[in-house]
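Me: Could you take a close look at one part of this model for me, the place where the ligand sits? After that, a quick tour of the odd backbone spots and the surface would be great.

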Amino acid sequence: MVSKTDYDLCVIGGGAAGLVTAAGAATIGAKVILIEKHRLGGDCLYTGCVPSKTLIHSAEIAHSIKTAQRFGLSAQLDPIDQKKVMQRVVDVIKTIEPNDSPDRFRALGVEVVFAEARFTAKDRLSVDDREITARKFVLATGSRPFVPPISGLDNVDYFTNETIFNVTENIPSLIVIGSGAIGCEMAQSFARLGSKVSLLSNTGLLPIEDADMSAVVEQQFLQDGITLHLGVMVNQVEKTATGVRVHIQNDYKEHAIEIEGSHLLIATGRQSNVEHMGLDKAEVSIEKGKLQVDARLRTSNKNIFACGDVAGPYLFTHMAEHQAGIVLRNALFHLPAKTQSTGIPWCTFTAPELARVGLSEQEAQQQAIQYQVYTFPFSDIDRGITDGEMNGLAKIITTPKGKLLGACIVGPHAGELISEYVLAISQGLNVSALSNTIHIYPTLAQINRRVADQRMKEALTPTRKCWIKRLFGLRGGD
Ligand SMILES: Cc1cc2nc3c(=O)[nH]c(=O)nc-3n(C[C@H](O)[C@H](O)[C@H](O)COP(=O)(O)OP(=O)(O)OC[C@H]3O[C@@H](n4cnc5c(N)ncnc54)[C@H](O)[C@@H]3O)c2cc1C
């Protein structure tokens, strides 16, 4: 028997992970309470995917107008008022907002409470002046920007993803520190929207990707007029009359360089939201600021689960949704479902987009496994040529016998195109399955078959060709 303040499920955090968990649980008849300290929708709606993709779209249109001559058109782009672009970002958020409204979740049967949750024991937490018990708890408290300890940073104004989409002024010159997905997406967007952009990082661009793939993005960044300072140390930041000055040094400490800008964006990674929740009282272990979860997404307290960014390690909305499903199966149905650890896709929405699933070549090398690599360029795809989108390539990694291990596409609509490889890898398919699949002509998706065909062509060794000729009495030349 469940008492008055008892629930089947108590979900803490109303971002993508918490919302999907709470809605799913309520839909199947569980008594659910969702506790959110700020607003429903989380990073994805307000400070992540939605505003960034909206901004990117405006930037793409600006770029198309500026480069209209490539398509035999003449067009003139008036000076960009970034305030108007930012107003559209706000409008788009407002359009999507009702999907995540408290009323919608209440209508599904979820009790939504706006407060900060804090565990007082391993089976209960306090919210405002209430004490709540539940059979199972779900931590879905997300992540926040990691701000590195750079000298002088405390004394200057800077943006993170939490503030940049609220900007109400034009940004003449932007210094971006960080070359991961967020830093790259923002750097290119603002460059295409008229800001003078410098991108600084102690690594290369998109360092988790193979260098030949990120090089395509890097080349486009240079064409977009972004000043790149990669592999540098940021030593100090200071305020100037017009904005900020950043002192950097290259690896060999040869050159100290000063870069000035009107605004600064810090995009140097994420950290989990695990503080101030009384997790010690709940007997939930945290190591080096990270929750410890098993494959079933159970924390060290088996009645407390976690999903989304706070559980990691893949910080994407689609992973938050996937993990929410795993939590529901474990927490409510006691089915030992495990979170997927392979075949996880992602996309960096730069132009060109860079999307990946499975192993990269550098990961295959690190794992010292035997592998083959095949590539195919967009410049040989007819639709790439008709659309003037010839920049980029597809690359696949296979076992020597042709089983797909990984795929990466850098090019137009890579985030859409990669899905075919996501399915192929998750189903353990051989590359021949892609080669034997009919792809509509002329689509960009033909690159998925053409890159797979590279392996088939390779299999046609001179000896095999000779045997085929003899067997079928063919008379062609070598
Ligand atoms: C700039 C940017 C762009 C991105 N672009 C993409 C993209 O294109 N595609 C993609 O898949 N992913 C993208 N992401 C990542 C994506 O936004 C996150 O993976 C996703 O939002 C994580 O959802 P979540 O529910 O785990 O966390 P969040 O969305 O952060 O939600 C956590 C919620 O918990 C609440 N909370 C925290 N602590 C407490 C507490 N103690 N009590 C009550 N409530 C609490 C917070 O207020 C928040 O509402 C992007 C992220 C950023 C920053």
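Reply: A residue counts as near the ligand if one of its heavy atoms lies within 4 Å of it. This is a predicted model, and here 37 residues surround the ligand. The closest are A17, E36, D43, K53 and D309.

Sorted by class, that shell holds 14 nonpolar, 15 polar and 8 charged residues. As for where they come from, several elements each supply at least two residues of the shell: the helices α1 (16-27), α2 (42-46), α3 (49-66) and α8 (317-333), plus the strand β2 (32-36).

Now for the backbone side of the pocket. A polar backbone atom of A16 is 3.1 Å from an oxygen atom of the ligand. C44 has a polar backbone atom 3.3 Å from a ligand oxygen, and for L315 a backbone N or O atom lies 3.4 Å from an oxygen of the ligand. Taken alone, the ligand exposes 1,000 Å², and the protein buries 92% of that.

On to the backbone oddities. Most residues other than glycine have a negative phi, and most peptide bonds are trans. With that in mind, have a look at the bond joining A351 and P352: it is cis, with omega about 0 degrees. P352 sits in the loop between β19 (345-348) and β20 (353-358). Another cis peptide bond runs from Y441 to P442, with omega near -10 degrees, and P442 belongs to the loop between α13 (431-435) and α14 (446-459).

Then there are the positive phi values. D128 is not a glycine, yet its phi is near 50 degrees. You'll find D128 in the loop between β5 (124-127) and β6 (130-139). D128 counts as exposed because its relative accessibility is 60%, against a cut-off of over 50%. A368, also not a glycine, has a positive phi of about 50 degrees and is found in the loop between α9 (361-366) and β21 (372-377). At 69% relative accessibility, A368 counts as exposed too.

Last stop, the surface. L460, I468, L471, F472 and L474 make a nonpolar patch of about 520 Å². One of these, I468, has its place in helix α15 (residues 462-472). I468 has a relative accessible area of 34%, so it is partly exposed; patch members need over 30%.

Methods: Residues numbered from 1 in each chain as written. Predicted model: local features only at pLDDT ≥ 70, side-chain atom pairs only at ≥ 80, totals over all residues. Heavy atoms only, no water. Polar contact = N/O pair within 3.5 Å; in protein donor to acceptor, adjacent residues only side chain to side chain. Areas by Shrake-Rupley, 256 points an atom, 1.4 Å probe, with all protein chains shown as cover. Helix = DSSP H or I, 4+ residues; strand = E, 2+ residues; numbered from the N terminus. Nonpolar A, V, L, I, M, F, W, Y, C, P; charged D, E, K, R; others polar. Patch = residues over 30% accessible without salt bridge, like charges linked within 9 Å, V, L, I, M, F, W, Y side chains within 5 Å. Salt bridge = Lys/Arg side-chain N within 4 Å of Asp/Glu carboxyl O. Buried < 20%, exposed > 50% of the residue type's maximum accessible area, 1.4 Å probe, protein only.
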